[in-house]
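Me: I have a model to look at and would like the reasoning behind its labels. Please set each value against its cut-off.

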Amino acid sequence: MLRRVSILVVFLAALVPFLTLAPSAGAAPTGEKKAAPIDFSVLPSHVQLAPINVPIGNGYPTRTLVTVYLGPHDREKIGLLCRMSPRVNDAVLSALSREPVPVRDRKLVVSDVGRRLLGPINAALGESLVKEVHVLPGAAGAQGGVVAKLPFGNAGGCKGINDMLERLERQRQQEAGKH
């Protein structure tokens, strides 16, 4: 037993000089400037999901398209929200299958549907990433028209948001390389 301990001590003593010479994984090599953070304020304030075919409560087994907009608590998490959009779609379908979108006078009543979806969406995401949900009847386009009249600043689809994030990351890396 004593022999094993002494071998281990000798081995560790021989290893210490090599560990102190290696740069730490988080440290930037000398001479390189740390890259500037990404400016997330240029991203849309809301994420527009692809239209979802949901059940409606008109007494018949009927479905229709709705467009869901998500307002994140933090714009820095907008890319994560896009990557997790399949979970959001599942949560929307699950919640609206239990309690379909109401219909009154042959029109969808979506006024409180967003409030009803907020809890199930955040539960599906595993954390409170979304602070507000807006639901519009039909397949709304990402720019102009009905979207321009909504109470929030602007909305973007996940494809456009991911493209913007990639472009911002490339710019950040190029600026870091110039310094």
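Reply: The questions below deal with salt bridges and burial. This is a predicted model, in which local features need pLDDT of at least 70, side-chain atom pairs count only at pLDDT 80 or more, and totals for chains, interfaces and linings use all residues. Residues are numbered from 1 along each chain as its sequence is written, and side-chain values use heavy atoms, with hydrogens and water left out.

Me: Why is the pair Arg116 and Glu99 called a salt bridge?

Reply: A salt bridge needs a side-chain nitrogen of Lys or Arg within 4 Å of a carboxyl oxygen of Asp or Glu. The closest N and O atoms of Arg116 and Glu99 are 2.9 Å apart, so the pair qualifies.

Me: What makes this pair a tie between separate parts?

Reply: Arg116 lies in helix H4 (residues 113–125), while Glu99 sits in the loop between helix H3 (85–98) and strand E4 (101–104), so the parts joined are 17 residues apart in sequence. Helices (H or I, at least four residues) and strands (E, at least two) are DSSP runs, numbered from the N terminus.

Me: Is Arg116 buried or exposed?

Reply: Buried means under 20% relative accessible area, exposed over 50%, and partly exposed in between (1.4 Å probe, protein chains only). Arg116 has 18%, so Arg116 is buried. Glu99, at 45%, is partly exposed.

Me: How do you know that Arg115 and Asp112 form a salt bridge?

Reply: Their closest N and O atoms are 3.2 Å apart, so the rule is met. Arg115 is exposed at 60%, whereas Asp112 is partly exposed at 27%. By this rule the count is two salt bridges.
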